[in-house]
Amino acid sequence: MDKQEQALGLLQAAVESMGGQVRPGQQEMVKHVVEALDEERHLLVQAGTGTGKSMGYLIPALAYAQTSPKPVIVSTATLALQSQIVGRDVPRLLESLKGKLSRPMDVSLLKGRSNYLCQYKLGGGYPDEDEGALFSMDERPAASGTVYSPLANEVMKLREWAEHTETGDRDELVPGVSDKAWRQVSVSAMECLGSQKCPMADECFSEMARARASEADVVITNHALLAVSAFEGLNVLPDFDVAIIDEAHELQDRVTSSVAGALSARMVLTAAGGAKRHCAVNVDELTKAAHKLEKSLTGIPTGLMDKGLPEEMGIALNDIVEQSRLVLALTKPEANAPADGGRQTARSQLQAIMDDAIRMLETEERREVLYTTRPREFVDGRGYVESDPGTPATLNVAPLSVAGKLREGLFDGRTVVLTSATLAIGAQFDSVAGSLGLMGAGAPSWEGVDVGSPFDYPKQGILYVAKHLPKPGRQLSAETLDEIEDLITASGGGALVLFTSKRSAEEAAEILRPRLDTEILCQGEGSMKSLVEQFADDRDSCLFGTMTLWQGVDVPGDSCRLVIIDKIPFPRPDDPISKARTEDIARHGGNGFMQVSATHAAIRLAQGAGRLIRSVNDKGVVAVLDSRMATARYGTFLKGSLPPMWPTVDKKTILGVLKRLKP
C-alpha cells in the first residue's frame, strides 16, 4: 500500500468512526499533503470553509510521524484554533484511529515561556515589581479581616491553582485572570534563570512542556514561536523537518508583530531603576540617556520615520547602547553565584533595551522600518484618539519584509505546508507566496492548490454591493447607517455587521438601537465567547464588531443569514509598516497599492464574507456597503477573492430576498 492509499484509508476510518462522510476537498487535501511530504516540496493549499482542513492535514501528519525520527510541527495563528486542535480535534482523531496506526501517537502542545506559571517566581524567587499592589485597600475584606486588592485575590487564586495543575498553562485556568496578575507568576524567556541555575528547574512547567514536545510525534504551537525560531535561531522548538502552518494568511503579520521592537524613555528608566535596585550599580549615565531620548521623542509626529533618525535621537540611542553594555558588564554574575531572580530580571531589561536600540541605529543595513506611536485614548464624542503630541512617543522597529528570514529560517532544508480558507486571490497564490519568501531568485519550489469547498455558493449566497452609496469616508455616513437599518429590518435580524474600526461599530450600535426592533450586541460589551453564543442562540439578534469577528465567528444556521461589511478593509492610511512596504515596492518598479493594500483587503474581505455560509444548508446575503467594490478598477480584483456567490447591485432585489429568508 502506498502512502496516499494509507492516509486515505485512515481518513475513511476516522470519518466513519465519527459518523460522517469523507468530503471531496478533504480527500484531495490529504492526497496533496501526503505527496508534498513524500517529495519534500512546499505546498500552499487553500481549503474552503467546510472542507475539514484540520483533519486534512492532521492525518498526513500522523501518518508521516509514524516513521519520522523528528516531530511534525503544526502552527496556528490564534489560541482559539490551537485549543480546538488540542482539546477537540486531536483527541477525537486519535480515538477514531485506535488500532489503525502502526503505534500509539503522542501529540504535544508547546507555547512561549510566559504562557506557563513559573514555580520559582511563585515561591518568591523574583522581586515584586508592583510592590504594595497586592495588599492595597479594597472594599472587600477577606475572612481573616485582612483587606486585599483585586490583584491579590487573583494571585491567591493562581496559588491555589498551582497546587493541582499538571501543565501550568495559563489557558487551563477558567475563568482566567488579568494580565497584571499573570505577570506576578510568570517570566519571559529573557527573565528566566535557565535550567542550569534555577533551583526549581526540575519542576518548571515550561521545561516540562519542551521536554514533552521533544519526545512527541506532532507538536502543536503558534506563529509567534515559529517566528522566534526562524528569526532568532533559538531552540524554542524541537528540531523538525516538516511544518504545517494553519491560518497561513496570518503568518506575515503575526511574524512581523512577534519580532517587532519598541523603546521609550520609560522603558529605559525602568531598566535603569531595576539595575540600581537589584544589582547595586550606578546608573546615572543611563538615566541621562533616557532623558535625552524622552526629549527627542517629545513633540515628534507619529508615523513612519522615512527620513531616518534625527541627530538628537541617534545620539540618545548611542548613549543607551553604550551605557546598557557597561551596566551589563558590571552586573554579570560570577560563575558559581546563587540564583538571583532580581538580578536576572534587571539584566534582561537592560539586554532588551540595548538590543532594540542597536536595531534602531542599524535600520538601513537590516532593512527595517522605524516609526513612532502614541497610545490611543477614548474621548467622549470623538472615540479613540491619539494622545497629545506633547506626550513623548514610543520608538518602534519592525522588519520591512519577513520573506528573506522565513526563507532562510523556516523553508530552507525543510518541507512546509501552508493552509487557510483564504490563501489565493482569484486562482493565484503569488501574493501570499511572495510575502513569505517563496518567490524571486533562489526561491524554493512550491505548488499551490485549491481543493474547493463543499458549499454551492451561487445557490446558497448572494453578494450585494451597495453601488448607490457615496464613497465611504473616515466617519460613518448617514446613508450607510440608513442602509444597515434597511437591510436588518428586511432580514428581521440575524445579521453579523463587520466594521473596520471599533469606533464605527460602537457608533452604529448606539444610533441604530432606538431605530430597530431587534437586539443589537456590540463587541466590547461582554466577552467575545458570550457575545457569539448569545448571537447564535437568538436567531433574530444582531452582532456588531471589528476584526476579531471578521475571522472568529462560526455560526451556522438562521442566526447568521446576513453579513454586512461597512467598507473595504484596507490598512489604515497611517499604518507605518504598510506604508513602508508600499513605498519599497514602488521604488522597485512594482504596484505597491495592489501588492500591499489591495491584497491585505482582499484576504480580509474573504475572511469576513466567509462568516455567512458555514454549512451545506445555510443561505444568506453578504452586503458590502462600499461603492468602490463596483466602481473602482481594483473592485474586480477584490471580488475575485470572495466565494463565487451570485452578485447584484439591486437593493430592491436584496430586500426581497432578505424578507424571504426571515424565519
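In which sense, parallel or antiparallel, do strand E7 and strand E8 pair? Good morning. I shall answer that first and then turn to the rest of the structure.

Strand E7 (residues 303–304) and strand E8 pair in the antiparallel sense, over two bridges. Two strands are said to pair if DSSP finds at least two bridges between them. The names also come from DSSP: helices are H or I runs of at least four residues, strands are E runs of at least two, and both are numbered from the N terminus.

Before going on, I should say that this is a predicted model, in which local features need pLDDT of at least 70 and side-chain atom pairs count only at pLDDT 80 or more, while totals for chains, interfaces and linings use all residues. Residues are numbered from 1 along each chain as its sequence is written, and side-chain values use heavy atoms, with hydrogens and water left out.

Let us stay with E8, which covers residues 368–373. Opposite its Thr372 stands Gly303. E8 also runs antiparallel to strand E11 (residues 394–399), to which six bridges join it. One pair here is Val369 with its bridge partner Ala398 in E11. Five of the six residues of E8 are buried, where buried means under 20% relative accessible area, exposed means over 50% and partly exposed lies in between, with a 1.4 Å probe and protein chains only.

Next come the sheets. Strands of a sheet pair through backbone hydrogen bonds, either parallel or antiparallel. One open sheet has seven strands in the order E3-E4-E2-E5-E12-E1-E13, and its pairing is parallel. At its edges are strand E3 (107–109) and strand E13 (446–450), each of which pairs on one side only. Neighbouring strands in this sheet are turned by 20 degrees against each other on average, direction ignored. For such angles, axes are lines fitted to C-alpha atoms, for helices over the stretch in contact, and the angles run from 0 to 180 degrees between N-to-C directions.

Strand E12 (residues 415–420) belongs to this sheet and is joined to strand E5 (residues 242–245) by four parallel bridges. Val242 has Thr415 as its bridge partner in E12, and Ile245 stands opposite Leu418. Strand E1 (residues 42–46) also runs parallel to E12, again with four bridges; there, Val45 is partnered by Thr419.

How many of the six residues of E12 are buried? Six of the six are. In a regular strand the side chains alternate between the two faces of the sheet. In E12, Thr415, Val417 and Thr419 lie on one side, Val416, Leu418 and Ser420 lie on the other, and all are buried.

Helix H4 (residues 79–96) lies across strand E2 (72–76), E3 and strand E4 (218–222), running at about 160 degrees to E4.

A further open sheet of seven strands, with parallel pairing, has the order E16-E17-E15-E18-E19-E14-E20. Its edge strands are strand E16 (520–522) and strand E20 (646–648). Here neighbouring strands are turned by 15 degrees against each other on average, direction ignored. Five bridges join strand E14 (residues 461–465) to strand E19 (residues 620–624) in parallel, and one of the bridge pairs is Leu463 with Val622. Helix H27 (residues 651–661) packs on this sheet, where it touches E14, strand E18 (562–565), E19 and E20. Contact means heavy atoms within 4.5 Å.

Finally, the helices. Two packed helices are described by the angle between their axes and the distance between the axes. The axes of helix H19 (residues 478–491) and helix H20 (residues 502–512) come within 11 Å and cross at roughly 60 degrees. Leu481, Ile484 and Glu485 of H19 make the contact with Ala508, Ile511 and Leu512 of H20.

Why does the length of H19 agree with expectation? At 1.5 Å a residue its 14 residues should span 20 Å, and its end C-alpha atoms are 20 Å apart. The expected span is 1.5 Å times one less than the number of residues. After H19 comes Gly492, with a positive phi near 70 degrees.

Helix H11 (residues 265–279) has 15 residues and reaches 21 Å from its first C-alpha to its last, close to the 21 Å expected. Its buried residues include Val268, Ala272 and His278. Among the elements that cover the buried residues of H11 are strand E6 (261–263) and helix H12 (284–297). Ala280 follows H11, and its phi is positive, near 50 degrees. Thank you.
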